Amino acid sequence: MKKIVLGNWKSLGDTASNAVLLAALAAHPPAAGVEVGVCVPFPFLTQARAVLEGTAIGWGAQNVSPFGAGAYTGEVHAGMLAEFGCRYALVGHSERRQLFAETDERIADKIDRLLAANVRPVVCVGETLAEREAGGWRETLGRQVAALAARLGPEKLSRAWFAYEPVWAIGTGRVAAPADIAEAHAFLRERLMALGVPAEEVVILYGGSVKADNAQGVFAVPGCDGALVGAASRVVEEFIAIVAAAGSAVARG
Ligand SMILES: O=C(CO)COP(=O)(O)O
């Protein structure tokens with residue numbers, strides 16, 4: 001069993017604080033069976049690569065253009081991410097869906113572009129608090145993955161990773177209960193398989209207020225392949241402790 005820990009730096013950081021964080025990560029290689037990466041703002045890709053190249057730790061972006069190269073002012077296309085050595089790119093984060101009106105169709109196009117450039121899409125899905133309270137979380141997750149499948153088909157979908165990120169748990173300190181994570185992951189896995197993705201290809205992380213003190217619990221959830229960590233990924237001791245917790249989970253089997 002393998003565990004994945006990805007940091008999402010969001011729109012945070014500066015060259016000086018990144019240098020401290022990246023050096024600490026490079027000095028703490030993950031245990032066998034743990035894959036670690038950081039998704040950084042575009043201007044810091046060069047810095048991340050300079051420190052992490054040659055280590056086991058990968059780097060990536062938090063967004064990508066739904067278009068290729070061309071007259072798309074302000075956009076960064078998948079080929080550029082590939083050139084900068086990105087192993088991953090987040091797609092469809094709830095902050096982008098909510099604040100930048102990203103649609104499932106746009107998200108599908110981004111996934112398509114990333115796959116063509118050999119950059120792993122990490123697709124974020126998750127329900128809002130209102131949807132959970134109304135008992136509609138299954139409908140939201142089902143709609144989100146079905147829309148992607150309709151545009152991409154199962155083969156492409158099987159090459160993406162997913163992150164279950166309930167919107168109400170992001171940046172709130174309110175981590176989802178292990179039972180809720182297990183239930184949502186099982187539901188997503190079953191849906192993806194029903195859409196034609198082979199069981200062994202399904203990778204689902206959990207994201208939402210993962211910290212050093214709850215990471216063990218998250219990694220122990222059946223069917224949870226790892227964590228997508230926001231705020232705590234910007235705190236050296238926190239992120240290193242989360243990576244260590246993933247190592248303990250792998251060792252426990
Ligand atoms: O959005 C997230 C990761 O993509 C989670 O953010 P927090 O860990 O800060 O809640």
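Helices and strands are DSSP runs, helices of at least four residues and strands of at least two, numbered from the N terminus. In this predicted model, Lys 10 sits in the loop between β1 (3-8) and α1 (15-27). Lys 10 has 19 C-beta neighbours inside 10 Å, and a residue needs 20 or more to be buried. Lys 10 therefore counts as partly exposed.

Gly 171 occupies another loop, between β6 (161-164) and α9 (178-194). Its 13 C-beta neighbours inside 10 Å also make Gly 171 partly exposed. Leaving aside residues up to four places away in sequence, Gly 171 touches Gly 230 and Ala 231.

Both Lys 10 and Gly 171 appear in the UniProt record, an unreviewed entry, under "binding site". Asn 8, Trp 9 and Ser 209 complete that list. These positions spread over 202 residues of sequence, yet they cluster in space. The largest C-alpha distance among them is 13.6 Å.

The ligand is surrounded by 14 residues. The closest are Asn 8, Gly 207, Ser 209, Gly 230 and Ala 231. By class, the shell holds 6 nonpolar, 7 polar and 1 charged residues.

The chain as a whole contains 11 helices and 8 strands. Its C-alpha trace spans about 50 × 45 × 30 Å along the principal axes. For 253 residues, a compact globule would have a radius of gyration near 18 Å; the chain has 17 Å, in agreement. Of the 253 residues, 45% count as buried. Among contacts between residues at least 6 apart in sequence, 73% join residues at least 24 apart.

Terms used:
Residues are numbered from 1 along each chain as its sequence is written. This is a predicted model: local features need pLDDT of at least 70, side-chain atom pairs count only at pLDDT 80 or more; totals for chains, interfaces and linings use all residues. A residue is near a molecule or strand if its C-beta atom, placed from the backbone, lies within 6 Å of it. Ala, Val, Leu, Ile, Met, Phe, Trp, Tyr, Cys and Pro count as nonpolar, Asp, Glu, Lys and Arg as charged, and the others, Gly among them, as polar. UniProt positions are given in the numbering used here, feature names are shortened, and annotations may be inferred rather than shown by experiment. A residue is buried if 20 or more other C-beta atoms lie within 10 Å of its own, exposed if 12 or fewer, and partly exposed in between; C-beta atoms are placed from the backbone. Two residues are in contact if their C-beta atoms, placed from the backbone, lie within 7 Å. The radius of gyration is taken over C-alpha atoms; the globule rule is 2.2 Å times the number of residues to the power 0.38.
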